[in-house]
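Student: I should like to understand the reasoning behind the terms applied to this model. May we go through them in turn?

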Amino acid sequence: MSEVRDLTDPPAEADRPSRAGTRSRSRARRRIVATSALGVVGLLALGAGTAWILRKDIAENVIGSELKKLGLPARYEIVTISPSEQVVRNLVIGDPRRPDLTVEEVRVATRVVWGWPGIGRITLVRPRLYGRYHGGALSLGVLDKALASGGAADKDHPLPDYDIGLVDGRALIDSDYGRVAAKLDGIGPLRGGFDGRLAVVAPDLAVAGCRAAQATLYGRLRVSGEKPSFTGPLRLGRLDCPAQDIHLAKSALQFDGTIDSRLDGAEGRLGLEGGALRLAQNRLAGLTASSRFTFRKQALTATYKVAARGIVTPQAGVQALSLDGQVRSDPGLKNVDVEADLAGRGVVPGAMADRALADLARSGEGTLIAPLTNRIRAALGREARGSTLDANVILRRDARQWSLVVPRGNWRGTSGASLLALSRVQGVFGVQGRGRPVFTGNFASGGQGLPHVSGRMESTANGRFALSVSMPEYRADDARLGAASMALPHLLVSQAADGAMTFGGEARLSGALPGGRADGLVLPIEGRWAANGALALWSGCTTVAFERLALANLTLDRRRLPVCPARGKPILALGAGGGMAITAGVPALDLTGRLGGTRIRLTSGALGYAQVPGRPGALSARGIDVELGAAEAPSRFRIARLGARVGKDIAGTFDESDVMLAAVPMDLRQTGGQWRYAGGVLSLEGAHFTLVDRQQAPRFEPLVARDATLRLANGVITADALLREPKSDRAIVRADIVHDLNRTRGHADLAVGDLRFDDTLQAGTLSAMLVGVVSNLEGTVKGTGRIDWTADKVTSHGRFSTDGLAFAAAFGPVKGLSGDVVFTDLLGMVTAPNQTLRLASVNPGIEVTDGTLSFQMEPNYLLRINGARWPFMDGTLALEPATMTIGAAETRRYTLTVKGLNAATFVQHLEVGNINASGVFDGEVPLVFDENGGRIDNGFLRSRVPGAMSAISAR
C-alpha cells in the first residue's frame, strides 16, 4: 500500500500566483541558444537536484524533510522503501494546478560502499518541466530557489557524480519569442558513460522583427571521460525579417563537438547547408561550409571550407565562390588571424555597375565618352562571362588595428587575360576609427578590349597616402562619331599633412565633343581635395593644348591656350556644402582654322569667366576680331565688347561691333544688341546697326536699323531688319537674310513698300550719286529685290515701280513719271535693255505731255538714254539718244529734236501778240550742262517752204 505525502501549502487564490525567482539577465545574442538548450539544462538540473535531495541514506526516508529545507512545495506517493531501492510516484513540485515539475515515477537505487549505503542510479520516468523566459530572465518557478542553493561546483570535476536514467523526459518553455519544447532520453553516469537522445523544437519564434519557422535541434548527447559531446543537426525551416528585407530558406547546421572535462574548452566539426538567402538587393542561391575547430585556453584554431553559389549583388555577381582557409587567435581573442584562399568563376559586374556604365554612355551620347564607355561595357561583358578568380586574403586584428592583406589576387577573363591583378596590397584600419587608414600595394587592370591601367599605392610612416596611376592610349571606333581615345600618361594622388588629397597629372583625349570634336587635347590635372570635402582645381595658370578642335563647322588648328584663375583663387572650387565657383581668364586669343571651307582667324583681348554658387556665370570679352576668307580679302567681324550671363542658357549683350562681308560690298557698323545661346541656337534680339556702302564712291548713304533679329542654327544664319533713313527715320527697305555657313552661300530678299519722296526725303538723301540728276522729287516707289552670294560671286536683281513721280530734271520739270524698271544687277544698278517709262509731262520751256522714255543702266553706272518722244504742236519733240555717268563730274549733253512744228500753233501757245508765223518748222536744241551751268549751244529752228514768220508793230 502506498503512502501519500503532501508538503504543499496551496495558495488561497484560484489562480497560480506569479513567482519571482532569482534572475540574471543574459545578453541578447545568447537568448536563442539559452532557450533551445533549456530542456537539457532543466532535466539535468532535475536529476542533479533529485540526487542531491536523496543523497542521504534513502532508508531513512528523509525526502519530506529535505523538500521542506529547500522550501519546495511538493506532493508525492511513496511506493517502496527498501534497502535496495526507493520508489516515489506522482511527484508534483509547485502549485498542483500549474506545477513547475512533475515526475511520474522516481526510482533511486541504493548501493553499499564499505558497509555504508549510498545512492546508485536515479531514474526519472516521464518527468515534465515547465518554465518561462521573459525580459531576458529564465524562471523555473519554485525550483529557482533550489537550483540557486545547490552549492559550489568542483572546478576540476564540474559534472555531478551521479548515475542518471531519463525515460521520456520533456520540457516546455514559454518565452517572449515563442514556445520551445525539448525531449531527452538517456542513461548512464554523468562523468562518463551517459548516452542519450536530445530533441528541441521551436515551431514559431519571433525576435527583433524576424520570424523563424520550424527550428529544430536533434542529436546524440554523450559523456565520456567527463567530456560531454553532441552530434546532430540544427535545422531551420525558414527565416523572414521583413523590416530588414532578409529572407533565408531551409537551412541546416551539423554539430559534432566535444567539450573538455573542465568545461573550459571544446573541439569538433561543423557542417552547414544553407538555403537561398536574400538580403535586400543581394541574393545567394546556396551555401555549403565545413569546419574543424579547437578552442582551448580561450584561444581558437580552426580550418574551414566554404562554397557559395549564385551570388548576385548590385555591384557584382559570382556564379561560384569558394574559400579554403584557417583561423587562429591568441588567448582572449585579442589577436585574430583569418586566412583564406579564394577561388571563383563567372565573376561579372552587377546590375548597378552595368547600369552605371550604360548611364554614362547615354549621358555622353554624341561625345567621346559614349564609344569609350560602350567598348568597355561590351568587352567587360564578354570577358567576365567566363572569368575566374584566384586570390589569397589575410585578415588580422589586434588591440590597435585591423589589417586586410592580399598577397596575390587575379581576376582573369574568358580570353585568359588578367582583368585585375593585385600584388602585396594591404589596408590598415584603426580600431574604433582611431588613426587614418593606410594602403600599400600594386594593381593592374586590362583584358581583351579593355583599358590597361597600372598603379601603386604607398603610405608613409605617418599614414600619408600616395597613389600613382598610368594608362596608355585606349581607343574605340564609332561609325557615326569616328575614333575616340583617352590616355593618362601620369596621375599622382598624395595626402598632405592636414589630411587633404592633392593630385596632379595629365589626360590626353581625342574624339567627339558636344557639337564638335577634339584631336590631341591635352588637359592638365591639378587640384586639392580637402579633408572637409572641399575641392579646388587648377590653383595656378595652366595650359590647355590641342592638335585640332572642331565646334559645329568651325575647325581650329593646333594651339596652346594659357588659362589662369583670379588672384588667390583656383579656377574651379567646389565647397564642402556642394556650391561651385569658377574664375578663369585667357589673356588673349590668337586662333586659326576653317569655318566650313573658309579660312578663319580669331583674335581677341582679355577673356574672362566667373561664377559663384547660386548665381549664373558671367562672361566678358574685349577686342574680338574674326577674319573669314582669304587673307588678302577677308570678311571681318569686330566686337569691341561682349558680355554674357551663363546659366541654363547663355545670354548677354554686345556693342560697338562691325561686320564686313567680303562677298557683299556693304558693311554693318556700330552694331549692338542682345544675344542668347540655348539648345545649340544663337539668336540676336533688338539689334541695331548702320548699313554703309563699302565702295569708295558710295552708291547710297548710310541706313540704320533697330530691333533687328538674327538666328544661327545648324550652321545657317537667318536675319531680318528694317532699314531706315537716319535723319527722317523713314522706312526704306526690309531685308530678310539667309546665309549657310557650311556652303558659304546665302541671299537677301529686299522689299520696298510705298517709299514716299517729299520735302523730307529726296533721292539725293539716299544716294549722293543722284544729286544733280533729279531734285524736288515727289511721289512713291515700291518694289522687290534679291541679292544672292556664294564664295565666288554675288548676283542681284530687282523690280521697282511707281505710279507717278514728279521731279526737276536737267531738261525741265517732269511730272507723272510711271512704269516698271527691271534690274539685272541691283547692286551694280544695271537694268535690262530698253526700259520704258511714261511721262505725263515735261517742260523744257514749253510743256509737252504724254511722252515715253526708253533707257537702260549699264555697268559702271552708265545711264544710256535710248530716246524720249512727245507729241508737240502738231509735230513731235524727241530727246535724242544720250549717255551720262551717274555720280560723275562731267559735261552732259542732250539734244531735243523738233519735227513738224506748226508755227502758228507754236506762236499762239507762246501767247505773243506781235509775232505771226505760218508753216511747219524743224529744228534742234542742243543742251549743255557743265560746271558753269546749263545753256543752249547752236540751236536752230528751220521753216519748211513756204513757211514765214513776221513781226507786227505795236502801234
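Tutor: Let us begin with the surface of this predicted model. The protein chain exposes about 50,200 Å², and 56% of that area is supplied by carbon and sulfur atoms. Of its 955 residues, 41% count as buried. The secondary structure comprises 8 helices and 63 strands.

Student: Why is S251 called buried?

Tutor: The relative accessible area of S251 is 10%. Buried means under 20%, so S251 meets the criterion. This residue is placed in strand 14, residues 251-259.

Student: What makes the approach of the S251 side chain to A249 a polar contact?

Tutor: The side chain of S251 reaches the backbone oxygen of A249 at 2.9 Å. The limit for such a pair of N or O atoms is 3.5 Å, so the distance falls within it. A polar atom of the same side chain also lies 2.9 Å from the backbone nitrogen of G275. Leaving aside neighbours within four places in sequence, S251 is in contact with L234, R235, L236, E273, G274 and G275.

Student: Why is L404 called partly exposed?

Tutor: L404 has a relative accessibility of 36%. Buried requires under 20% and exposed requires over 50%; the value for L404 lies in between, and therefore the residue counts as partly exposed. L404 belongs to strand 22, residues 401-412.

Student: Which residues form a nonpolar patch with L404?

Tutor: L395, W402, F429 and F439 form the surface patch with L404, and together the patch has about 380 Å² of accessible area. Patch members must have over 30% relative accessible area, so the 36% of L404 satisfies that requirement.

Student: Which residues have the most contacts inside the largest nonpolar core?

Tutor: They are V814, W870, F872, L879 and I886, in a core of 67 residues. Apart from that core lies another, of 45 residues, among them V103, I164, I173 and L217. In soluble globular proteins, nonpolar side chains tend to be buried together.

Student: What makes D707 an exposed residue?

Tutor: D707 has a relative accessible area of 59%. Exposed means over 50%, so D707 qualifies. D707 is placed in strand 45, residues 703-713, and has a positive phi of about 60° although it is not a glycine.

Student: Where does N834 lie?

Tutor: N834 lies in the loop between strand 52 (830-831) and strand 53 (835-842). Its phi is near 55°, a positive value in a residue other than glycine.

Definitions and conventions: Residues are numbered from 1 along each chain as its sequence is written. This is a predicted model: local features need pLDDT of at least 70, side-chain atom pairs count only at pLDDT 80 or more; totals for chains, interfaces and linings use all residues. Side-chain values use heavy atoms; hydrogens and water are left out. Helices (H or I, at least four residues) and strands (E, at least two) are DSSP runs, numbered from the N terminus. Buried means under 20% relative accessible area, exposed over 50%, partly exposed in between (1.4 Å probe, protein chains only). A polar contact is a pair of N or O atoms within 3.5 Å; within protein, one must be able to donate a hydrogen and the other to accept it, and residues adjacent in sequence count only if both atoms are side-chain atoms. Contact means heavy atoms within 4.5 Å. A nonpolar core is a set of buried Ala, Val, Leu, Ile, Met, Phe, Trp, Tyr and Cys residues joined through side-chain atoms within 4.5 Å. Patches are made of residues with over 30% relative accessible area and no salt bridge: like charges are joined within 9 Å, nonpolar side chains (Val, Leu, Ile, Met, Phe, Trp, Tyr) within 5 Å. Accessible areas come from the Shrake-Rupley method with a 1.4 Å probe; for residues, only the protein chains shown count as cover. A salt bridge is a side-chain nitrogen of Lys or Arg within 4 Å of a carboxyl oxygen of Asp or Glu.
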